Amino acid sequence: MTSTKMIRLFQIWFPLFLLLLYIVVILIAPFLMSQDPLKINMDHRLAPMSREHILGTDHLGRDLLARILAGGQVTVGVSFLAVILILAISIPIGILSGFFGGWFDRFCMRTVDSLLAFPDFIVAVVLTGLLGPSLFHVMLAIIIAKCGSYIRVVRSIILVEKEKDYILMARTSGLRTMQIVKKHFFPHVIGNVIVLVTLDLGKIILMIASLSYIGLGAQPPVPEWGAMLNECKSYVHSAPHLMIFPGIAIMCTVLISNLVGDHLRDHFTLQNR
Amino acid sequence: MELLRINCLSLSIMGEHILKDVTLTVKRGEWFTLMGESGSGKSMTALAIAGLLPSSVLMEKGDIFFENRNTKSFSANEWRKIRGKEISFIFQDYYNTFTPFIKIGHHCDEVIRSHEAYSKEERKNMIIRAFEDMQLPAERVYNSYPFQLSGGQMQRVAIALAIVLRPKLLIADEPTTALDSVTAAHVLELISYIKQQMNCAVLFITHDIRHAKKYSDTIAVMKAGEIVEYGEKDQLLRSPCHPYTKSLFDAAPKLKRPTYV
Amino acid sequence: MERIGQRFLEFALFFLILSFVSFLFIQLTPGDPVRQMLRVDEVAVTQEQIESLRNELKLDEPLHVQYWYWLKRFFAFDLGNSYMTNRPVVEELLTKFPTTLELALTSLLVMLMISIPLGTLAAVYKGKWIDHISRLFALIGSSIPSFWLGIVLIYIFAVHLNIFPTIGKGTWKHLVLPSLTLGIAMSAVYVRMIRSSLLEGFQKEYVKAARSRGIAETRIFFFHVFRSALIPLITLFGMSLGSLIGGTVIVEVLFSYPGIGKLVVDAIMRRDYPIIQGYVLFISLLVIVINILIDMSYLYLNPEIRLKKGERK
């Protein structure tokens, strides 16, 4: 590999690696905390920042920092899980749809198009409405809402690549279909999709937080950043720290995710050319 | 009588020279042809005259005098007043010089309104007359959008727009290169006709020697940003000095009977 | 014109399918609607009352019969009654919709008032400090959850400065904080879009040509560049319709603003299925209508589409 190619790869994958590192840290950190995020201690409610409780406590005396870190696990963990499931579902369907065409393709496209007619937030609202408020239902709703557009993207990549000469060569030289898919389609698809998904990660995190905020997502006592902001509504006056820190946590995470996504998009499109 | 004088104009882009010591004079009412291959700097010269150089181009030295005024001293507002009224420009890519969602009539109206205060009636009459001079179906063209016209029609509209305010200098940057030969010939005839009618000077940029032969009064040949030959048409054609000029003339396709051996 | 006809047909088909799906959903939801409607847990109800209501609603008939009755009521604009208030769903939706509409339009106004000047300045002075500020604004703005922005605004304006009310509806003052919240949140994305659309417009050949004809810069900007940027912007607006609708839901809950967003969230918490169903159908109708309007605006903005069947080169 030439050195410019190596630098290019580095530019693309390093920020992604940083993002993944950030996610891993968020997921692991709570295990390193000494305070219990669920432990209620009514003597210490709404305490300001102190040595014992670095960020103070909430209205039930629970340590805020511990809750934020635990909330990170929930918010980011669920978002990340949602992203993985979205990819796991839409990539195979998109590849199959694009590669084989026929009735399967037509059926998928019709379903996806009618689903995409709805704003994704509304799909989430409706699904939680019908199944009942719960974090799991919210995740399910988001997956269903988002899969549609990913299936479309994957399918369109396949449709373009399918006609290219190198695929024709592979087929005529007798490569099995699975081999073609794995070796030729996959790298193209994965690259583009990862860029999209990194950009979407921020949106998904915001959606989960928003839905939990209005009460449709995480139910108490589960610590989740959006739900925590909901709980602090009545204490805006007396304990502003309750609303500041979870908000900052959300903002930082989404910001990092967006920055990495933007960076990847700028560089990946350049490389694609 | 001198209309335009360029003195030792040198332009560069990011350190690279694109024009070097270009000097020429255009007299009132004369047809001046600037000839050369792609990249010889002819378009840049034209843009410099009209003050339309992109910001990345640096004017290293030289002056341009229009009617004995140094154009370097022109403010943005003075330039705006001059363009379209005293100096007009015709581009090679006629299609993209019109905003697609604005009707042709409105385009022309806009140009007139930007310079003179005529009434709506007068403006429309001026435009219709200009279209008729260009042998266009005036009313229909006036109410059309750009995409509804053919290439030849559009270029003629562009010319009509350029001359409606009777400019002193008409700069035509390869106006016929993108047209078929029949339409091109027609367009050139029209430009020549205008020149005679309005006694405006025409700075004609081309790479086609045949056009230069037919209409020019003065010819300047450019190569790699410099003028290599400059003189009156007949003299130049009879005895070109520079080897490049010679090769240009020789390379022109001639209509001759083929000789069979 | 046939485009609109085609659209209506698509819409009718879509609606039919949607109605069937939502009907199925209602059937699948847990709980007994009759018991819920009569609030069997709270009020003593006789078996006869339950039976008579069940009969009235034809709940014992086979599924397709039920669907038929449902469809008949649907086309008579009867979507049933709310489990909670027992008022017709249609009435609830129609009374609360103007409130949401007011909020949405005001928020759009706020968004335009922020993003158009900022985006324009960022494009015209590309690379200068105003451009960097707009970039920062866009980046941070799209990373902040809208409800957090709302809470912060409440804290600043209502709690500390005590200027604007934070709950409910009444005077124009009640509209300020909610529309500011939603407007600022949406403008973060739009600033960049406006900037890039305008930058593209600046590069066009016809801008250079207009300049060569002596047309004033400001005129070129407004009538040529800006106008050309409208189509992509409207497209983008169509795509961000979802976030506008979702945004109103969140903001209404946050500020207890009595619109259809708050209505449906309350309905979800209380398992009031007729309202949820009504909301879904209503929103789909809205989305379809707005998309048709957007399509029509293309016709107006882009004469090429309009006259496609007419003269061609």
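Leaving aside its neighbours within four places in sequence, which residues is Trp148(C) in contact with? Select Trp148(C) and look across to chain A: its partners are Leu229(A), Gly247(A) and Ile250(A). Here, contact means that the C-beta atoms of two residues, placed from the backbone, lie within 7 Å.

Before going on, a word about the model and its labels. This is a predicted model, in which local features need pLDDT of at least 70 and side-chain atom pairs count only at pLDDT 80 or more, while totals for chains, interfaces and linings use all residues. Residues are numbered from 1 along each chain as its sequence is written, and chains are lettered from A and ligands numbered from 1 in the order in which they are written.

**Stop 1: around Trp148(C)**

Stay on Trp148(C) and show helix 7 of chain C, residues 146-160, in which this tryptophan lies. Helices are DSSP runs of H or I with at least four residues, strands are runs of E with at least two, and both are numbered from the N terminus. Is Trp148(C) buried or exposed? It counts as buried, because it has 26 C-beta neighbours inside 10 Å. The cut-offs are 20 or more other C-beta atoms within 10 Å of its own for a buried residue, 12 or fewer for an exposed one, and partly exposed in between, with C-beta atoms placed from the backbone. Now add Leu285(C), which is 137 residues from Trp148(C) along the chain; their C-alpha atoms are separated by 30 Å.

**Stop 2: the whole of chain C**

Zoom out and colour chain C by secondary structure. You will find 14 helices and zero strands. Of its 313 residues, 34% count as buried. Among the contacts in chain C with a separation of 6 or more, 69% join residues 24 or more positions apart.

**Stop 3: a helix pair in chain C**

Two packed helices are described by the angle between their axes and the distance between the axes. Select helix 8 (residues 173-203) and helix 11 (residues 241-254) of chain C: their axes come within 10 Å and cross at roughly 145°. The axes are lines fitted to C-alpha atoms, for helices over the stretch in contact, and angles run from 0 to 180 degrees between N-to-C directions. Helix 8 of chain C passes helix 11 of chain C in a right-handed crossing, meaning that the near helix is turned clockwise from the far one by less than a right angle, whereas anticlockwise would be left-handed.

Show the side chains next. Pro178(C), Thr181(C), Leu182(C), Ala185(C) and Met186(C) of helix 8 meet Ser243(C), Leu244(C), Gly247(C), Thr248(C) and Val251(C) of helix 11. By class, this contact has six nonpolar, four polar and no charged residues. Ala, Val, Leu, Ile, Met, Phe, Trp, Tyr, Cys and Pro count as nonpolar, Asp, Glu, Lys and Arg as charged, and the others, Gly among them, as polar.

**Stop 4: where chain A touches chain C**

Bring chain A back into view. It has nine helices and zero strands, and buried residues make up 40% of its 273 residues. How many residues does each chain give to the contact of chain A with chain C? Chain A gives 32 residues and chain C gives 32 residues. On the side of chain A, helix 4 (120-131), helix 7 (177-213) and helix 9 (241-272) each supply at least two residues. Helix 4 of chain A has the largest share, with eight residues. This side divides into 22 nonpolar, nine polar and one charged.

**Stop 5: helix 4 and its partner in chain A**

Keep helix 4 of chain A and add helix 5 (residues 135-162) of chain A. The two pack at an angle of about 140°, with their axes 8 Å apart. They are therefore oblique to each other; angles under 35 degrees count as roughly parallel, over 145 as roughly antiparallel, 65 to 115 as roughly perpendicular and the rest as oblique. Helix 4 of chain A passes helix 5 of chain A in a right-handed crossing.

**Stop 6: chain B**

Finish with the open sheet of chain B, whose four strands have the order 2-1-4-5 with antiparallel pairing. Strands pair if DSSP finds at least two bridges between them. Strand 2 (16-27) and strand 5 (69-70) stand at the edges, each with a single partner strand, so one side of each is left without a neighbour in the sheet. Strand 1 (residues 2-13) and strand 4 (residues 57-66) of chain B pair over eight bridges. Label Asn7(B) and you will see Asp63(B) of strand 4 opposite.
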